[in-house]
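Colleague: Could you take me through this model by question and answer? I would like each term spelled out when it comes up.

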Amino acid sequence: MNLEKISSHGLQEWSKVADQAKSRIETRLFIDGDFTDAAGGGRFDTINPANGETLAAMSAGMPEDIDRAVAAAKSAFKAGAWSRIAPRDRMETLYRFADLIDEKAEELAVLETLDMGKPIGDVVAEDIPAVIDTIRFMAEGIDKIEGSVTNTDHDAMHLVIREPLGVVGCISPWNYPLLMAVWKIAPALAAGNTVVLKPAEQSPMSCLRLAELFVQAGGPAGVLNVVNGLGETAGKALALHDDVAKISFTGSTEVGKLILQYAGQSNMKRVALECGGKSPQIFMSDLPDLENAVDAAYNGVFANMGEVCSAGSRLLVERPIYNEFIERFMADGQHAYQPGDPLDPATNMGPLVDRGSQQRVLGMIEQGKQEGATLHFGGDAPRGLEQGAYVNPTLFGNVNNAMSIARNEIFGPVASVIPFDGPAEAIAIANDTIYGLAAGIWTKDINKAMRLVKNIEAGVVWVNSYEDGDMTQPFGGYKQSGQARDKCLESLKSYTQGKSAWFRLSSD
Ligand code: NAD
């Protein structure tokens, strides 16, 4: 059932859809156009974090499965049925792929919610539309990126030709299982590469369906392969593989550093990294509208349970408006997100991805309390939802940037408010982090806004909004948040390589 039809589903309908989906979960790997069990027969459980139920025992890909998938991708690339066809033909297949995702939105959405606990309303309103947009944007871009003819002396002709790379390995995280995978596979495929995707082991279900839909859309076998498995076995084998031309990775900074090492230990493959963040939002006392700004503050850190790389988790508030900011945050933000059943479209906050994450986040909250931050609300697990990995939305005030809650990525619904005096101190605090993914600036003064934009070390800066934008916007980090750029045409181009062809012309 397509996106439009499912937008009016209630809890009852979604529960029925979930029961049907659970009875036919695909657990195998998808290699060379077909489902296949992992060579060693190993499996790992995938758990519904809303209630602890084991959903399925998924095939656990091992290095030999990665070898099989890379071999299939390599031979599909060499065969040319994708890499060498007219760009417009690839474009048509990708448009059909996007249309099929729309048609099958109901089953994709329910798999996403069961697997990682994301509220179904968010999947339907945000994730799936963004997946479709990404594929369409990259398809449109296929024949819009061009090589060049450079200026040379009169007896030469120089062309720079853009060519696909070959086999691209994609390693994705669990916080937006479909979307983060598609931010990689859509530009990689659009550019004519073939792909082996290793999804996160916490959310292995939905991307298998995606690969099947690609083949139904007319994608040749072997062009898109999906190998589930653990990071340190399947992910590592992919990143170390000598026949992989590029690894596109989204995940933690810690694992991002390992991926760089694997590239160095193997074939010097290209590495694109989208890693963690500890993004600041700076609220100057001359901001245009406090109510709006506070809305953006709590939405920026509580949406998707705070499991967002660009979550605005450090809220820097200028001292003259500090008390008013906290009061309004408590009045408007404390009850804006209510943990509940993620299959209910009325729920806007599901569980964290697993019990381990819940315990980690609660532990970090405890540390914040011990370090002397003021806990204004939350800080615990909600009553009545003990069977799931839930954490209440949490607000800390009087945080200073040296505290662990201001330094470490929490990846949960925890906001830390840090007071400051004047733009210079705001910049110093904002930049005092190993990360540099995103930032927000709130001020009516355009001069101040521009100065802050120029001085903030982050790949994405929003002024008087947060998490805004469209597909043209490059998304990626400075510093240890990584060096890749997703979404934009620059991303599509990053899955190609330039070949310089220099012609010396004879005189006749
Ligand atoms: P993670 O680093 O634990 O895992 C990410 C992926 O890497 C998974 O598929 C995992 O199986 C794989 N992996 C783990 N160890 C590996 C290894 N040794 N070799 C190869 N692959 C390995 O991250 P996560 O917990 O899944 O995701 C959360 C992190 O992702 C957060 O830090 C978040 O900020 C980041 N993230 C960044 C962006 C961005 O665009 N910058 C977007 C989403 C998430």
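Modeller: A polar contact is a pair of N or O atoms within 3.5 Å; within protein, one must be able to donate a hydrogen and the other to accept it, and residues adjacent in sequence count only if both atoms are side-chain atoms. The model is predicted: local features need pLDDT of at least 70 and side-chain atom pairs pLDDT 80 or more, while totals for chains, interfaces and linings use all residues. Residues are numbered from 1 along each chain, and side-chain values use heavy atoms, without hydrogens or water.

Colleague: How far is a nitrogen atom of the ligand from an N or O atom in the side chain of Y262?

Modeller: Backbone atoms also face ligand nitrogen here: an N or O atom of the K236 backbone lies 3.5 Å from a nitrogen atom of the ligand, and one of the C275 backbone lies 2.8 Å from a ligand nitrogen. With Y262 the atom is in the side chain, and the distance is 3.0 Å.

Colleague: How much of the ligand's area does the protein bury?

Modeller: Several elements help surround the ligand: α9 (231-240), β10 (246-250) and α10 (253-265) each supply at least two residues of its shell. Helices (H or I, at least four residues) and strands (E, at least two) are DSSP runs, numbered from the N terminus. Taken alone, the ligand exposes 850 Å² (Shrake-Rupley, 1.4 Å probe). Of that area the protein buries 91%.

Colleague: Is helix α8 largely enclosed or open, and how many of its residues are buried?

Modeller: Buried means under 20% relative accessible area (1.4 Å probe, protein chains only). In α8 (residues 206-216), S206, C207, L208, R209, L210, A211, L213 and F214 meet that cut-off. The helix is followed by G218, whose phi is positive, near 110 degrees. Helix α8 is largely enclosed by the rest of the structure because its buried residues number 8 of the 11.

Colleague: Which strands form the edges of the open sheet of 7 strands?

Modeller: The pairing in this sheet is mixed, where two strands pair if DSSP finds at least two bridges between them. Its order is β14-β15-β16-β13-β12-β17-β18. An edge strand pairs on one side only, which leaves β14 (374-377) and β18 (460-463).

Colleague: Which residue of β16 is the bridge partner of L316?

Modeller: Strand β13 (residues 314-318) runs parallel to β16 (residues 414-420), and 5 bridges join them. One of the pairs links L316 to a residue of β16, namely I418.

Colleague: Which side chain makes a polar contact with that of R314?

Modeller: R314 is in strand β13 and counts as buried because its relative accessibility is 0%. Its C-alpha lies 6.5 Å from that of A415, although the two residues are 101 apart along the chain. Beyond four places in sequence, R314 is in contact (heavy atoms within 4.5 Å) with residues including K278, P280, S416, I418 and D432. At 2.9 Å, the polar partner of the R314 side chain is N401.

Colleague: Is T36 buried or exposed, and which side chain does its own side chain meet in a polar contact?

Modeller: T36 sits in strand β2 (residues 34-36) and, because its relative accessibility is 18%, counts as buried. Leaving aside neighbours within four places, T36 is in contact with R28, L29, I31 and R68. The side-chain polar contact of T36 spans 3.1 Å, and the partner is R68.

Definitions and conventions:
Buried < 20%, exposed > 50% of the residue type's maximum accessible area, 1.4 Å probe, protein only.
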